[in-house]
Amino acid sequence: MSDLRPLTTRSRVVSDKRMTLMERIYLPAMVAGLLITIRHFFRRKPTVRYPEQERPRPAVYRGRHVLKRDEKGRERCTACGLCAVACPAEAISMVADERKPGEEHLYREEKYARIYEIDMLRCIYCGLCEEACPKEAIFLTDRLVKADRERMPFVFGKDELVEPMDPARRIDVSGRQTAAVRTFKQNPRYAHNR
Ligand code: SF4
Ligand code: SF4
């Protein structure tokens, strides 16, 4: 006796009855198939024409990162590396440098990131870098990382990440600040981070 056992308890009786004339000419089956196609043709389409068209995203959506400047236009990042340590995908790398005299208007702290890169193909958009940052320098935004056919364009450097100096073109991340976060930031104990 064979040791083979059925994988399921389901069974189907297979019959080899002769096909009727209508079944043999396939026309009714083709018409039924066409009717299904026509019905779907006039239905509301679930797809959008990305990238020309984008679906609306919630304000708390975790998308492409931004490195923020402070109110004076200085880069907030101090290259402490906490975001890189917190990143589970090891997507962040940076090279720190010392601020030179005369660069106080560019960098808020004495140490800054001369090179700061995020590999967007490794990133899983978990937001842990944002949570780890003690300087409120890095935020995820509701913007998308555009598709590309090559790999290298997905390694975003400071030119892609740091927000523009022009106050009118700054990236608004206030939508990600829930009431609890805003209350937390009022705590004078964390004033050095603002
Ligand atoms: S969102 Fe997550 S995976 Fe992406 S860079 Fe930040 S910590 Fe790393
Ligand atoms: S983004 Fe924040 S956590 Fe990351 S290196 Fe800069 S200051 Fe540190």
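This briefing describes a predicted model, topic by topic. It covers an open sheet of 3 strands, a nonpolar core of 20 residues, and the surroundings of ligand 1 and ligand 2. It also points out a cis peptide bond and two residues with a positive phi, Ala79 and Tyr125.

**The sheet**

- The open sheet is built from 3 strands, which follow one another in the order β2-β3-β5 and pair in the antiparallel sense.
- Because β2 (92-98) and β5 (155-156) stand at the edges and each has a single partner strand, one side of each is left without a neighbour in the sheet.
- Strand β3, which covers residues 111-119, is joined to β2 by 7 bridges, and the two strands pair antiparallel.
- Two pairs of residues show how β2 and β3 line up: Ala96 stands opposite Ala113 in β3, while Glu98 has Lys111 in β3 as its bridge partner.
- Between β3 and β5, which also run antiparallel, there are 2 bridges, and the bridge partner of Ile118 in β5 is Phe156.

**The nonpolar core**

- The largest nonpolar core contains 20 residues, and those with the most contacts inside it are Leu67, Cys77, Cys83, Ile92, Cys129 and Ile138.
- Three elements, namely β1, β3 and β4 (138-140), give two or more residues to this core, and the largest share, 4 residues, comes from β3.
- Leaving aside residues up to four places away in sequence, Cys129 touches Cys83, Ala86, Cys87, Ile92 and Ile138.

**The surroundings of the ligands**

- Around ligand 1 there are 14 residues, of which the closest are Cys87, Cys123, Cys126, Leu128 and Cys129.
- The shell of ligand 1 divides into 13 nonpolar residues and 1 polar residue, with no charged residue among them.
- Ligand 2 is surrounded by a stretch of residues consisting of Cys77, Thr78, Ala79, Cys80, Gly81, Leu82 and Cys83, together with Ala132, Cys133, Lys135, Ala137 and Ile138.
- In the shell of ligand 2, 9 residues are nonpolar, 2 are polar and 1 is charged.

**Helices, and how open their residues are**

- Helix α2 has 15 residues and spans 21 Å from its first C-alpha to its last, which is close to the 21 Å expected at 1.5 Å a residue.
- Since the number of buried residues in α2 is 0 out of 15, this helix lies largely in the open.
- Ala86 belongs to helix α3, and Ala86 counts as partly exposed because 16 other C-beta atoms lie within 10 Å.
- Although Ala86 and Glu131 are 45 residues apart along the chain, their C-alpha atoms are separated by 8.7 Å.
- When residues up to four places away in sequence are not counted, Ala86 touches Leu128, Cys129 and Ala132.
- Ala179 has its place in helix α6, which covers residues 179-185, and Ala179 counts as exposed because it has 7 C-beta neighbours inside 10 Å.
- The C-alpha atoms of Ala179 and Ala91 are separated by 29 Å, and these two residues are 88 residues apart along the chain.

**Backbone features to look for**

- As background for this group, most residues other than glycine have a negative phi, and most peptide bonds are trans.
- The peptide bond from Tyr50 to Pro51 is cis, with omega near 10°, and Pro51 is found in the loop between α2 (27-41) and β1 (65-67).
- Ala79 has a positive phi of about 55° even though it is not a glycine, and its place is in the loop between β1 and α3 (82-86).
- Ala79 counts as buried because it has 23 C-beta neighbours inside 10 Å, and Ala79 is also one of the residues that surround ligand 2.
- Tyr125, which is not a glycine either, has a positive phi of about 55°, and Tyr125 lies in the loop between β3 and α4 (128-132).
- With 16 other C-beta atoms within 10 Å, Tyr125 is partly exposed.

Terms used
Residues are numbered from 1 along each chain as its sequence is written. Chains are lettered from A and ligands numbered from 1 in the order in which they are written. This is a predicted model: local features need pLDDT of at least 70, side-chain atom pairs count only at pLDDT 80 or more; totals for chains, interfaces and linings use all residues. A residue is near a molecule or strand if its C-beta atom, placed from the backbone, lies within 6 Å of it. Ala, Val, Leu, Ile, Met, Phe, Trp, Tyr, Cys and Pro count as nonpolar, Asp, Glu, Lys and Arg as charged, and the others, Gly among them, as polar. A residue is buried if 20 or more other C-beta atoms lie within 10 Å of its own, exposed if 12 or fewer, and partly exposed in between; C-beta atoms are placed from the backbone. Two strands pair if DSSP finds at least two bridges between them. The expected span of a helix is 1.5 Å times one less than its number of residues. A nonpolar core is a set of buried Ala, Val, Leu, Ile, Met, Phe, Trp, Tyr and Cys residues joined through C-beta atoms within 7 Å. Two residues are in contact if their C-beta atoms, placed from the backbone, lie within 7 Å.
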